[in-house]
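Student: I'd like a close look at one part of this protein, the aromatic side chains and what surrounds them. Could you walk me through it once the structure is up?

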Amino acid sequence: MNGEEIPNYWFGNCFGCSRKNTRGLNLRFWLKDGGCYTRCTIPDYLCGIDGVVHGGIITLLLEEVAQWTIISHFGKFGMTREISARYLKPVPTNTEILVEAQISNQSEKNILFCSTVHNSEGILLTESESNWMFASPGAISRATAVDESMLREFLAKYSQK
């Protein structure tokens, strides 16, 4: 799984991926066929119970890899319609994990993902299915505090050649 790193041009304060959010995770992403992945270590202060990553943080990771798959493969934004996660085993803090998203189906307006979290030994810890809709920069701008022109400029850096 030695994919090309996806350049991160995001200018905002996203907790998951922003380079300028000093309290965030500063995630990095790599391409793979039909998806992308990240490797990360979640610190203790993001636990649910001592030593175990909070379930909300796990879901954030699953959404981040899906969103970066949409950005990197399609040059578009996505908005989560629905996500379900099955927590199979505890995800330990302070231990490297692999989080992957794989496109399972897509149409003109929607995209479905199967996503997973594995530990460094390859043991499946969490699996997820999510349903996303492609979203225009205008729709994202109306739902957020981000200027539409900035969103268009960001996506232009990922446009398919």
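Student: Before we get to that, where is Tyr45 found?

Tutor: Tyr45 sits in the loop between E3 and strand E4 (47–49). Keep in mind that this is a predicted model. Tyr45 has a relative accessible area of 58%, so it counts as exposed, the cut-off being over 50%. In sequence Tyr45 and Ala135 are 90 residues apart, and their C-alpha atoms are 33 Å apart in space.

Now for the interior. In soluble globular proteins, nonpolar side chains tend to be buried together. Here the largest nonpolar core has 38 residues, and Ile42, Trp68 and Ile97 are the ones that touch the most other members. Two or more residues apiece come from strand E3 (35–41), helix H1 (55–74), strand E7 (96–106), strand E8 (110–119), strand E9 (124–135) and helix H3 (148–156). H1 gives the largest share, 9 residues.

Let's stay with Trp68. Leaving out residues up to four places away in sequence, Trp68 touches Ile6, Pro7, Asn8, Trp10, Cys17, Phe29, Cys36, Phe154 and Tyr158. Several aromatic names there turn up again in one aromatic cluster, formed by Tyr9, Trp10, Phe11, Phe29, Trp68, Phe77, Phe154 and Tyr158.

How do rings pair up in this structure? There are 13 aromatic pairs. Take Trp68 with Tyr158: the ring centres are 5.9 Å apart and the planes meet at 75 degrees, so the pair is edge-to-face, which takes an angle over 60. This pair links distant parts of the chain, with Trp68 in helix H1 and Tyr158 in the segment after H3, 90 residues apart. Trp68 and Tyr158 are both buried.

A second edge-to-face pair is formed by Phe74 and Phe134, at 5.4 Å centre to centre with 65 degrees between the planes. Distant parts of the chain are linked here too: Phe74 is in helix H1 and Phe134 in strand E9, 60 residues apart. As for burial, Phe74 has a relative accessible area of 22%, so it is partly exposed, while Phe134 has 15% and is therefore buried; the cut-off for buried is under 20%. Phe134 has one more partner to look at: Lys76 lies over the face of its ring, at 4.8 Å from the ring centre.

So, if you're clicking through the model, start at Trp68, one of the residues that touch the most other core members, go across to Tyr158, its edge-to-face partner, and then visit Phe134, with Phe74 paired to it and Lys76 over its face.

Definitions and conventions:
Residues are numbered from 1 along each chain as its sequence is written. This is a predicted model: local features need pLDDT of at least 70, side-chain atom pairs count only at pLDDT 80 or more; totals for chains, interfaces and linings use all residues. Side-chain values use heavy atoms; hydrogens and water are left out. A nonpolar core is a set of buried Ala, Val, Leu, Ile, Met, Phe, Trp, Tyr and Cys residues joined through side-chain atoms within 4.5 Å. Buried means under 20% relative accessible area, exposed over 50%, partly exposed in between (1.4 Å probe, protein chains only). Helices (H or I, at least four residues) and strands (E, at least two) are DSSP runs, numbered from the N terminus. Contact means heavy atoms within 4.5 Å. Rings of Phe, Tyr and Trp (its six-membered ring) pair if their centres lie within 6.5 Å; planes under 30 degrees apart count as stacked, over 60 as edge-to-face and the rest as tilted. A charge sits over a ring if NZ of Lys or CZ of Arg is within 6 Å of the ring centre and within 35 degrees of the ring normal.
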